[in-house]
Amino acid sequence: MTRIVRETSSIGGSLGGPPKSCELELSVFGPGYGESILVHLGNEEWMVVDSCINPNSRISAPLEYLHGIGVNPSKAIKLIVATHWHDDHIRGLGSVVSESKAAQFICSSALRKPEFLTLVHAYGKQSMMETSGIQEFYKIINIMQTHQSSQAPVSPKFAIAERLLWQRAPTISGDHMGRWISTLAKRFFKRLTFSTCSFILPCQVHALSPSDVSLNLAFSEIASLLPSARATKRRIVAQSPNHAAVVLFVKIGAVSILLGSDLEETTNPNAGWSAIVDSTTRPLEKASLIKVPHHGSANADNPRVWDEMLEKEPIAVLSPFVSGAVILPTKTDTLRICRRTDKSYSTAAARPGGRIRRDKTVEKTIKETVRSIKPMYGPWGHVRIRTDIKMSNNREWNVEFFGDALPLREMYG
Amino acid sequence: MKPEPLQTVSSPQKGLSTFDTPDLPLIYIDDFLPPDRHNVVNHNAESETIYSPPDDSSKQINAPVVFPRTPPLIQEHFIPLQKWEGVVDQVKSDYFIARLVDQTGTTPDELAEFMLDEVSKGDRTLVKPGAIFYWNIGYEESLGGQRKRSSIIRFRRLPAWSAHELEAAKHDADRTRDILNWR
């Protein structure tokens, strides 16, 4: 099978229309702090993985985008996945849950213990903890309880390694009009009427993590965050690695996608990426697309993932992280990823956002007071990849750049 | 019935002006200022002090003459130019990293490194991950009109968790667990 990858920059930021029913779309949004992924699963059904805020509009990026291409989120979003509860992956997810009346909410099994809900209720009511991941979860839970009273499907589904989270079986249905099969069929069988018959693309969404060992680590961490009586109130600051992040493997027709979340590698072979690669019960197909884990950092890299879980020269997308002590991906990370595939892209350049204009007196005082100061957000960008699922040979991939998105090879010149 | 003698206002903590005499009780004009004028930041002290006016309900005033008071030099007004709410993210040996949320305008959140020396000694024990503080930049203006550029970092002294709050959180969590079948 040959592959053609077309790279185009959006002119004037025009988003165009929605993908066709038979088109796969992977959209990755990233403002340098936070990340969100949208996947068109075919048949006008979408999955939202995490949420971030567009720093310009202050609206949840996946919602803003869907409205922008004329898709109604309340009907189209079927799955919402919170891969982990860190602040940068969950901002705005409450508004996504609120608008998505037909969606199944999925989160890590690490959050199913009563201690997590106690943590959410304890901190969620504290106004001082605005904008934290826990606060966002508090919103989500309250919205889900409201949905419950309106008879919508709401009980969460918990992701754990080797669990099939959702699937759409390939069936002939009168309810869903698969345009591509109709068009093909009409071409060859002009006398037949297809108005009541269509083909639904098969699709499966698997969780590849967290492993049992990772779960136990996460349970301990969450329990340790629970405050005790007479302890001073503080905002929760997540310090530990992302043990319990949910990695997803999505199969749509013949195409597979690996969404790496923020899962990092650990020294324990039964946790992190080692546990996933060594699993004998995970889907064995090789993915054509990967959302590179943890902003391309070296501690989330496992070479066996590239050798054993991905096609040769896959299309790779990442979002940078500019609000830490180390900006990710580093130049070394970028070179490492580009060596594995030259079809690698970033939602934005890995640098903090532009200088904030302020009163000169304020600026002078800031310089005298702090060692350093930088915007938490970097430039805003969006990478969109579309392909027609019905193609089996000569698959054509369209990679589009919006905002500050760019090929990874251009990131450090 | 013999009427009770009228009570007088005495302000032993306030300094005497040239018009004060020990025998004649006086009332000062700042006793009549609205409450917000009493929120005077004393920047020489380690924490904010708020002067509370005397309880008017328990006194009657028999001094009709009001003299302006010469204010102590330490009393200044703060004219803010920029305010942030900060959350401590990491604490290192001699500095800490904090996330700043603009309270004045709509500039994006920022990440800043502060030397611990910038924090007053009284607040330094509060510098821990998750601690919340305010950083204000502006002018201190004395009542005499002198201006001084100033940067003030003040950590919030949040109340401790109570057993009741934690019990309520657990109760709410159990309820959510049942409603959403979160198990």
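Here is a friendly exchange about a predicted model with chains A and B.

Me: Why is A:Glu44 called partly exposed?

Reply: Count its neighbours. A:Glu44 has 17 C-beta neighbours inside 10 Å. A residue is buried at 20 or more and exposed at 12 or fewer. The count of 17 falls in between, so A:Glu44 is partly exposed. You will find A:Glu44 in the loop between β3 (36-40) and β4 (46-49) of chain A.

Me: And what makes the backbone of A:Glu44 worth a look?

Reply: Its phi is positive, about 60°, although A:Glu44 is not a glycine. Most residues other than glycine have a negative phi.

Me: Which other residue that is not a glycine has a positive phi, and where is it?

Reply: Try A:Glu313, with a positive phi of about 50°. A:Glu313 sits in strand β15 of chain A.

Me: Why does A:Glu313 count as partly exposed?

Reply: A:Glu313 has 15 C-beta neighbours inside 10 Å. That value lies between the limit of 12 for exposed and the limit of 20 for buried, so partly exposed is the right label.

Me: How do you know that the bond between A:Ser209 and A:Pro210 is cis?

Reply: Look at omega, which is about 0° for this cis peptide bond. A:Pro210 lies in the loop between β11 (203-207) and α7 (212-225) of chain A. Another cis bond runs from A:Leu328 to A:Pro329, with omega near -5°. A:Pro329 belongs to the loop between β15 (310-318) and α10 (331-340) of chain A. In general, most peptide bonds are trans.

Me: What makes β12 and β13 of chain A a pair?

Reply: Two strands pair if there are at least two bridges between them. Strand β12 (residues 248-252) and strand β13 (residues 255-259) have five bridges, so they pair, and they do so in the antiparallel sense. For one of the bridges, start at A:Ile252: its partner in β13(A) is A:Val255.

Me: Which sheet holds these strands, and in what order do its strands run?

Reply: It is an open sheet of eight strands in chain A, in the order β8-β11-β12-β13-β14-β15-β16-β20, with mixed pairing. Such pairing goes through backbone hydrogen bonds, either parallel or antiparallel.

Me: Why are β8 and β20 called edge strands?

Reply: Each of them pairs on one side only. In chain A, β8 covers 163-168 and β20 covers 406-407.

Me: What makes a group of residues a nonpolar core, and which residues have the most contacts inside the largest one?

Reply: Its members must be buried nonpolar residues joined through C-beta atoms within 7 Å. The largest nonpolar core has 128 residues, and those with the most contacts inside it include A:Val39, A:Met47, A:Val120 and A:Leu248. Helix α5 (residues 133-149) of chain A gives the most to this core, with seven residues.

Me: Which residues does A:Val120 touch?

Reply: Leaving out residues up to four places away in sequence, A:Val120 touches A:Ile134, A:Phe137, A:Tyr138 and A:Ile141.

Me: How many residues do the two chains have, and what share is buried?

Reply: Chain A has 413 residues, of which 51% are buried. Chain B has 183 residues, with 15% buried.

Me: What secondary structure does each chain have?

Reply: Chain A has eleven helices and 20 strands. In chain B there are two helices and seven strands. From the N terminus on, chain B runs β-β-β-β-β-α-β-β-α.

Technical notes. Residues numbered from 1 in each chain as written. Chains lettered and ligands numbered in written order. Predicted model: local features only at pLDDT ≥ 70, side-chain atom pairs only at ≥ 80, totals over all residues. Helix = DSSP H or I, 4+ residues; strand = E, 2+ residues; numbered from the N terminus. Contact = placed C-beta atoms within 7 Å.
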